[in-house]
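Work through the exercises below with the sequence and the coordinates at hand. Try each task before reading its solution.

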Number of protein chains: 2
Amino acid sequence: MNHKRSVPTMKDVAREAGVSLGTVSNYFNGNPVREANRQRVEEAVSRLNYQVNASARALKTDRTECIALLMPSIRHPFFAALTDEITDCLMQRGYRNNLMITNYDPDAEKKSFKLAVQHKIDGIIGLTYNQNLEVDLPVPFVTIDSNFHSKIPCVSSDNYGGGQLAAEKLLELGCKNLLFFRIDSNIYGEVQKRGYGFESVCRKRGVKYESVILTDSQTEAPFYEYLMSHVKDGVPEYDGIFCNSDILANRVAVFLRGQGIGVPEMVQIIGYDGVEDFYTGKLTCSTIVQPIREMAKAAVDIVLNTNISNYPACVILPVRYAPGGTTKDSV
Amino acid sequence: MNHKRSVPTMKDVAREAGVSLGTVSNYFNGNPVREANRQRVEEAVSRLNYQVNASARALKTDRTECIALLMPSIRHPFFAALTDEITDCLMQRGYRNNLMITNYDPDAEKKSFKLAVQHKIDGIIGLTYNQNLEVDLPVPFVTIDSNFHSKIPCVSSDNYGGGQLAAEKLLELGCKNLLFFRIDSNIYGEVQKRGYGFESVCRKRGVKYESVILTDSQTEAPFYEYLMSHVKDGVPEYDGIFCNSDILANRVAVFLRGQGIGVPEMVQIIGYDGVEDFYTGKLTCSTIVQPIREMAKAAVDIVLNTNISNYPACVILPVRYAPGGTTKDSV
DNA sequence: TTGTAAGCGTTATCAC
DNA sequence: GTGATAACGCTTACAA
């Protein structure tokens with residue numbers, strides 16, 4: 001069996017319907033067509049089981065109804081949720097999602113951009129970690145969480161506000177001695193604002209706090225060392241920790257509990273992301289919840305609306321706090 | 001700023017290099033080109049920053065170097081891992097991944113197929129739940145875990161063997177009274193063989209067992225009722241459970257522990273999938289591990305090799321058992 | 001090997 | 001509105 005049989009073309013439809021090629025084209029492009037002809041075309045189309053050839057259309061119009069989505073990973077629950085929502089938004093608008101996974105590799109990001117452009121995608125949504133990104137793309141480009149270039153529209157949650165919120169919550173819950181843990185390689189991204197927001201509240205309130213930041217690290221061991229070196233007679237000096245991701249928050253919680261330090265009894269922890277665990281359907285820790293659906297929608301809106309993308313925008317969406325077992329307000 | 005500037009064409013390269021259009025084309029298609037001309041072309045290409053227009057090429061060749069991947073979800077850890085590996089295999093071969101998420105909806109699956117074909121993708125890899133799938137596609141199609149049609153190549157893990165392995169392990173670990181829990185809507189899929197394999201061992205060994213199967217159910221409550229109705233004086237009648245997914249295994253474990261029934265002390269549980277939890281990097285339960293990387297590779301190999309896809313194959317890949325905290329062999 | 005030219009299946013521009 | 005016809009940028013004979 002030959003897979004590539006001869007497929008009917010618009011010409012075939014025109015002949016079958018007894019109208020001209022242009023009329024069929026007009027029909028498919030929503031241009032005015034006389035009612036009688038419309039019917040004949042529709043009959044011919046269903047008789048021949050015709051579908052417009054997207055390749056030919058793409059060559060003429062230079063549009064493919066396809067958006068490239070660059071993601072560092074798809075296994076990370078937050079990225080998975082974001083990819084899910086973005087794909088959904090795109091498909092609702094009749095666009096396809098060309099998913100490219102970069103594994104946090106700037107080189108892979110670069111190649112992905114090139115490949116995407118070569119294939120005439122209509123735009124790019126990228127969660128990238130390369131601050132030297134080619135900025136002069138021939139298509140609209142919107143980044144997520146990476147506000148490193150004023151010419152590129154960026155969508156993100158309110159990282160600064162989220163950091164503030166985390167600090168305020170911990171204080172409200174009775175913490176006196178705060179810690180901020182950050183681990184990532186996202187040096188120039190929006191994400192680091194989480195720490196700034198957190199620290200701003202600590203300073204304003206005159207609260208004792210400490211920041212421990214790990215960059216490009218594969219292991220969180222230094223956090224654990226820090227944690228243990230600040231325990232006296234089984235009692236930690238700190239009683240509230242803000243981690244810049246739920247993953248880190250979870251690991252820290254597991255570590256502390258393993259050391260006999262109660263969470264949230266002795267130490268309360270707040271993470272960032274707010275994606276429910278797939279196994280339990282619940283939050284994995286108390287956290288700052290990102291508005292994933294809204295972020296996806298904003299990114300898609302911007303990338304598909306060339307008018308907007310010509311005027312670089314920065315969309316910062318509000319976050320909220322939710323208890324999830326690592327703070328004393330958890331039920 | 002206009003995004004769609006005039007982009008150089010092969011004609012421009014030919015003129016710039018002082019060779020003919022055909023020569024430039026030959027260069028890009030790996031056809032023999034005299035060394036001198038090759039250099040002139042390469043210089044012209046880098047001078048103009050030329051890239052082949054994939055749309056034009058697609059129209060001529062009817063190939064897009066793009067594969068459609070149909071997934072029911074991307075948030076499920078197993079699907080996420082599979083999508084990750086498939087995307088990686090595709091990109092390694094220079095193919096792009098057009099991800100379509102169907103949310104288990106047969107209607108969405110149908111639309112996705114149609115859209116994919118219209119856009120001239122070179123093949124489809126699908127994890128689908130629609131047993132009435134159009135089988136007469138104009139492109140190679142390979143399914144994963146859905147061996148419902150003899151004409152469609154299918155890749156899956158050894159579900160039957162995995163079920164057997166689970167039963168044998170539970171028996172080896174001292175269980176006397178087994179249970180099998182299945183919840184899904186995948187009526188015609190490979191997945192139900194997990195139960196058959198499990199039961200076959202129980203029967204052969206003359207072990208007492210019970211199967212509880214929920215189809216198209218949104219909640220696992222019936223399992224919990226079953227579990228509690230078979231507890232006498234705080235001691236369950238069963239001591240080993242095989243669940244057809246890690247998710248279910250986890251939920252059952254959480255439920256039992258919540259009822260004061262020790263896992264694995266009183267009841268041992270084995271799941272199926274074997275994807276490490278993203279937060280901890282560890283298995284979430286004792287489980288039958290699917291060879292995800294190999295499954296992805298097999299699916300991509302088949303879909304890209306039209307020779308093979310013309311001769312429907314069924315690839316069953318071996319699984320292995322791994323302890324993960326819900327059996328007594330867990331460290 | 002290389003140049004020339006005919007399409008691939010559309011859309012867009014005209015007269016009519 | 002409709003019908004011819006010229007592109008779109010490439011691949012692929014075919015001739016040289």
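Five exercises follow, on a model that is predicted.

**Exercise 1. The sheet**

Task: Give the strand order of the 12-strand sheet and name its edge strands.

Solution:
- Step 1. Follow the pairings from one end to the other. The order is E13(A)-E5(A)-E4(A)-E3(A)-E1(A)-E2(A)-E2(B)-E1(B)-E3(B)-E4(B)-E5(B)-E13(B).
- Step 2. Classify the sheet. It is open, and its pairing is mixed.
- Step 3. Find the strands that pair on one side only. These are E13 (314-317) of chain A and E13 (314-317) of chain B.
- Step 4. Check the turn between neighbours. Direction ignored, neighbouring strands are turned by 20 degrees against each other on average.

**Exercise 2. Strand E3 of chain A**

Task: Describe the pairing of E3(A) with E1(A) and with E4(A), then say which residues cover its faces.

Solution:
- Step 1. Take E1(A), residues 66-71. E1(A) and E3(A) run parallel and share four bridges. Within E3(A), Gly123(A) is the bridge partner of Ile67(A).
- Step 2. Take E4(A), residues 141-144. Its pairing with E3(A) is also parallel, over three bridges. Here Phe141(A) stands opposite Ile124(A).
- Step 3. Sort the side chains. In a regular strand they alternate between the two faces of the sheet. Gly123(A) and Ile125(A) lie on one side of E3(A), Ile124(A) and Gly126(A) on the other. All four are buried, and both faces are covered.
- Step 4. Turn to chain B. E1(B), residues 66-71, pairs with E3(B), residues 123-126, in the parallel sense over four bridges. Leu70(B) stands opposite Gly126(B) there.

**Exercise 3. The nonpolar core**

Task: Which residues have the most contacts inside the largest nonpolar core?

Solution:
- Step 1. Take the core as a whole. It has 86 residues.
- Step 2. Pick out those with the most contacts inside it. They are Ile67(A), Ile124(A), Ala299(A), Ile67(B), Ile124(B) and Ala299(B).
- Step 3. Look around Ile67(B), leaving out residues up to four places away in sequence. Among the residues it touches are Leu90(B), Tyr95(B), Ile121(B), Ile124(B) and Val303(B).

**Exercise 4. Two helices of chain B**

Task: Where do the buried residues of H1(B) and H4(B) lie, and what do they pack against?

Solution:
- Step 1. List the buried residues of H1(B), residues 10-17. They are Met10(B), Val13(B) and Ala17(B).
- Step 2. Look down the axis. These residues cover an arc of only 55 degrees, so they sit on the same side of H1(B).
- Step 3. Find the partners. They are H2 (21-28) and H3 (35-48) of chain B. Gly18(B) follows H1(B) with a positive phi, near 70 degrees.
- Step 4. Repeat for H4(B), residues 54-61. Ala54(B), Ser55(B), Arg57(B) and Ala58(B) are buried. They fall within an arc of 160 degrees and therefore line one face of the helix.
- Step 5. Find the partners of H4(B). They belong to chain A: H4 (54-61) and H6 (106-118). Just after H4(B), Asp62(B) has a positive phi of about 65 degrees.

**Exercise 5. The interface**

Task: How many residues of chain B are in contact with chain A, and which element of chain B gives the most?

Solution:
- Step 1. Count both sides. 49 residues of chain B are in contact with 49 residues of chain A.
- Step 2. List elements of chain B that each supply at least two residues. They are H4, H5 (77-92), E2 (96-101), H6 (106-118) and H10 (246-258).
- Step 3. Rank them. H5(B) gives the most, with eight residues.

Conventions
Residues numbered from 1 in each chain as written. Chains lettered and ligands numbered in written order. Predicted model: local features only at pLDDT ≥ 70, side-chain atom pairs only at ≥ 80, totals over all residues. Buried ≥ 20, exposed ≤ 12 C-beta atoms within 10 Å, placed from the backbone. Arc of directions from axis to C-beta. Contact = placed C-beta atoms within 7 Å. Pairing = 2+ DSSP bridges. Axes fitted to C-alpha atoms, helices over the stretch in contact; angles between N-to-C directions. Core = buried A, V, L, I, M, F, W, Y, C linked by C-beta atoms within 7 Å.
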